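Reader: I am new to this structure. Please pick one part of it and look at it closely, giving the cut-offs of each term as you go.

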Amino acid sequence: MGLHERIHHYPQSDLDGVIPNESELTGGVTIEPGRSYGFFTDTTVCIGCKACEVACKEWNNLPADSIGLTGQSFDNTGMLSANTWRHVAFVEREGDRGVRAAEQAPFQSGWLMMSDVCKHCHNAPCLEACPTGAIFKTEFDTVVVQQDICNGCGYCVPACPFGVVALNEVDGKVHKCTLCYDRLKGGLEPACAKACPTESIQFGELSDLHEKARERIGVLHERGVEQAYLYGTPDGPGATGDLGHLNAFFLLTERPEVYNLPAAPTRASNRVRPSLTTGVATIGALALLAIGLFSSDRGEGR
Amino acid sequence: MTSDRFGGDAARHPLAPTGQVPGTAGRSGAMRRDWAGETDYGRAQLKPAPFSPSVVGGYVFLAGLSGSSALIGALADLTQKRPGERRDVTRRAHYLALLAPTIGSALLVYDLHTPQRFYNMMRVAKKTSPMSIGTWLLLGFSAAAGAGGVAQIATDLEPHWRWPHRIAKVAQVPAALFGAGISTYTAALVSATSTPVWAAAPRATAVRFASSSIATAAAVLAGSSVSSPMRRKLADLLLAALGVEIAATYVVAKQLDGAGIGKARFGRWAWIERIVAGGFGTLLPAALLVGSRLLGRRSAKLDRTAGYLATAGSLAFRIAFLGHGMESASRPEISLRFAQPDNLPTAKR
């Protein structure tokens with residue numbers, strides 16, 4: 001990506017305020033309400049630096065979750081949570097049963113690294129499950145929890161097929177990635193994408209990202225990385241079962257499960273109707289039986 | 001670069017080379033073979049619902065008991081010709097119907113993590129959210145059951161007043177309809193999630209929840225003040241509901257096996273569900289009821305014992321089923337297996 005010409009308007013290191021439409025300078029994206037935005041996370045260029053995790057925590061004022069060691073590769077974050085909205089998974093490929101191999105193939109990374117995040121599903125199960133309307137679709141086509149409305153019922157937590165939304169027991173609300181809703185409103189690209197040094201996390205308009213991703217897949221396949229595929233693009237894995245598509249989608253080179261992603265998640269709200277109709281039918285059938293029993297004179301003389 | 005950890009085939013061909021993917025390519029044999037059970041260091045892939053099984057399970061039980069009592073009470077009132085036959089049943093039904101609006105609602109608010117904002121449930125009405133559907137069903141039921149309860153109290157205080165009878169007669173109709181709703185929407189509440197055990201068999205689970213509700217109401221309505229012919233009819237209804245529940249329980253187990261997550265049926269909560277709720281809560285009372293009929297002379301004592309067991313069993317079932325689901329969500333080998341393409345709805349496969 002070449003430098004934007006407006007970059008020359010800001011030669012000084014101290015700025016008086018936010019650069020208007022800064023995202024044009026940092027990400028080549030103009031942020032306008034009414035369009036769909038998302039993340040394209042290309043795991044093949046992730047170097048596991050965790051700058052995204054740090055940038056996210058810094059911008060969103062999120063406390064640390066734990067400062068222990070998991071003993072599982074270099075991943076001490078473990079999982080997405082109420083306080084961790086980006087999680088870099090380290091999957092160690094070499095070795096067997098937790099024992100690292102003594103030798104590595106030349107020019108190959110021994111790890112799969114993947115910066116996981118809320119998928120901002122098109123038909124988001126958390127949003128559909130939310131009984132208060134606290135979770136909503138923004139003007140940028142992203143999914144956000146309104147903290148002043150959430151009453152901590154926690155129903156969005158089991159609704160999410162990716163295990164993303166999480167409840168904070170301290171403040172009693174659920175939290176997840178907002179795709180930096182506040183930054184988007186101010187013309188800034190999300191903190192994680194801005195911080196990513198390898199463009200593993202790309203922020204942009206969804207149609208542009210899809211195109212970039214397809215190009216990238218083509219390049220990789222040409223180079224012999226035949227196993228590369230997209231997770232979360234329309235009709236792809238991760239976007240199954242009526243979820244539509246995922247606004248945050250991924251380029252992966254292993255089975256989804258290896259990254260702790262479901263191969264074929266489903267839309268939870270599709271089960272409302274079958275459950276309700278069957279339940280009411282059962283009640284109705286037993287009620288008819290009750291009417292029959294109550295109306296009969298059988299047994300009254302005994 | 002083949003790694004033993006992921007199994008030979010999986011490492012070489014994670015997916016079809018063109019980027020073809022589960023869900024689009026259909027359930028080709030290769031796709032099913034490919035997932036060799038890998039997980040991310042055995043970490044949970046889903047987050048279990050942050051519910052307390054006993055608090056929410058207690059609510060589900062009370063909603064079933066109150067809702068179905070209102071329904072059966074109304075049916076008894078409308079079908080019984082002799083006032084003496086129906087009076088005690090409807091009286092008990094009116095009081096039982098007050099449990100869900102009072103204790104049940106309190107349990108629901110208690111389980112919120114920001115309970116002072118409980119009223120935000122009334123900001124919206126959403127048909128995609130069983131919790132929202134349930135909020136409005138419970139509100140409607142509370143209004144109708146509350147009117148019926150007030151009328152019953154008035155009748156008990158001043159039996160010669162006529163207006164309470166009229167109120168009770170009118171209020172019992174919406175109470176019965178809303179009651180049918182709160183007896184069964186709780187099944188949709190659990191099934192419309194991504195939690196494997198809850199989501200794997202939505203229809204059969206709904207049958208279980210609904211029949212369990214009717215069973216508890218039939219058992220608790222048959223109090224000693226109720227006439228013995230009526231008690232026998234309620235015992236017949238209890239037996240029928242238990243029969244339906246046992247069949248549905250079997251179907252749920254078969255469907256969990258069919259979804260490839262049969263392993264989920266052997267956790268701690270699953271055993272509680274099987275033994276306490278299934279064995280002592282449905283099979284034993286059903287056996288007692290059948291036994292008392294086979295003996296020729298129906299024993300009121302056996303019927304009553306069966307009623308106690310079925311009621312306790314229903315409560316145990318609601319609590320254990322919630323725990324069972326949460327357990328399954330924490331196990332990645334269950335949730336990742338459940339989210340394989342062969343479990344997608346047929347039309348979308």
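Author: Asp257(B) is partly exposed, with a relative accessible area of 34% (buried means under 20%, exposed over 50%, partly exposed in between, with a 1.4 Å probe and protein chains only). Asp257(B) pairs with Arg265(B) in a salt bridge, the closest N and O atoms lying 3.0 Å apart (a side-chain nitrogen of Lys or Arg within 4 Å of a carboxyl oxygen of Asp or Glu). Arg265(B) counts as buried, at 17% relative accessibility.

This is a predicted model, in which local features need pLDDT of at least 70, side-chain atom pairs count only at pLDDT 80 or more, and totals for chains, interfaces and linings use all residues; side-chain values use heavy atoms, with hydrogens and water left out. Residues are numbered from 1 along each chain as its sequence is written, while chains are lettered from A and ligands numbered from 1 in the order in which they are written.

Side chains of opposite charge can pair when their charged atoms come close. Over all chains, the count comes to 21 salt bridges. Another of them joins Asp141(A) to Lys137(A), at 3.5 Å from N to O. Asp141(A) is buried, at 14% relative accessible area, and Lys137(A) is partly exposed, at 28%. Glu32(A), Arg35(A) and Glu205(A) are linked by salt bridges into a network.

Between chain B and chain A, the count is one salt bridge. Which residues form it? Arg43(B) and Asp75(A) do, with N and O 2.9 Å apart. Arg43(B) sits in the loop between helix H2 (29–34) and helix H3 (53–79) of chain B, and Asp75(A) in the loop between helix H2 (51–60) and strand E2 (86–92) of chain A (helices, H or I with at least four residues, and strands, E with at least two, are DSSP runs numbered from the N terminus). Are these two residues buried or exposed? Asp75(A) is buried, with a relative accessible area of 0%, and Arg43(B) also counts as buried, at 12%.

The two chains meet over a wider surface, with 98 residues of chain B in contact with 103 residues of chain A (contact means heavy atoms within 4.5 Å). The size of an interface is often given as the accessible area lost when the parts come together. Here about 8000 Å² is buried, and carbon and sulfur atoms give 60% of that (the area that two parts lose on being put together, summed over both, with a 1.4 Å probe).

Across this interface there are 34 residue pairs in polar contact, both residues being at pLDDT 80 or more (N or O atoms within 3.5 Å; within protein, one must be able to donate a hydrogen and the other to accept it, and residues adjacent in sequence count only if both atoms are side-chain atoms). Several helices of chain B each supply at least two residues to the side that touches chain A, among them helix H1 (8–12), helix H6 (130–157), helix H7 (163–191) and helix H10 (228–258). H10(B) gives the largest share of that side, ten residues. By class, the side of chain B that touches chain A has 54 nonpolar, 24 polar and 20 charged residues (Ala, Val, Leu, Ile, Met, Phe, Trp, Tyr, Cys and Pro count as nonpolar, Asp, Glu, Lys and Arg as charged, and the others, Gly among them, as polar).

Ser129(B) lies in the loop between helix H5 (99–111) and H6 of chain B and is buried, with a relative accessible area of 0%. A polar atom of the Ser129(B) side chain lies 2.6 Å from the backbone oxygen of Ala129(A). Leaving out residues up to four places away in sequence, Ser129(B) touches Glu128(A), Ala129(A), Cys130(A), Pro131(A) and Tyr155(A).

As for chain B itself, there are 13 helices and zero strands. Of its 349 residues, 58% are buried. Among contacts in chain B between residues at least 6 apart in sequence, 78% join residues at least 24 apart.
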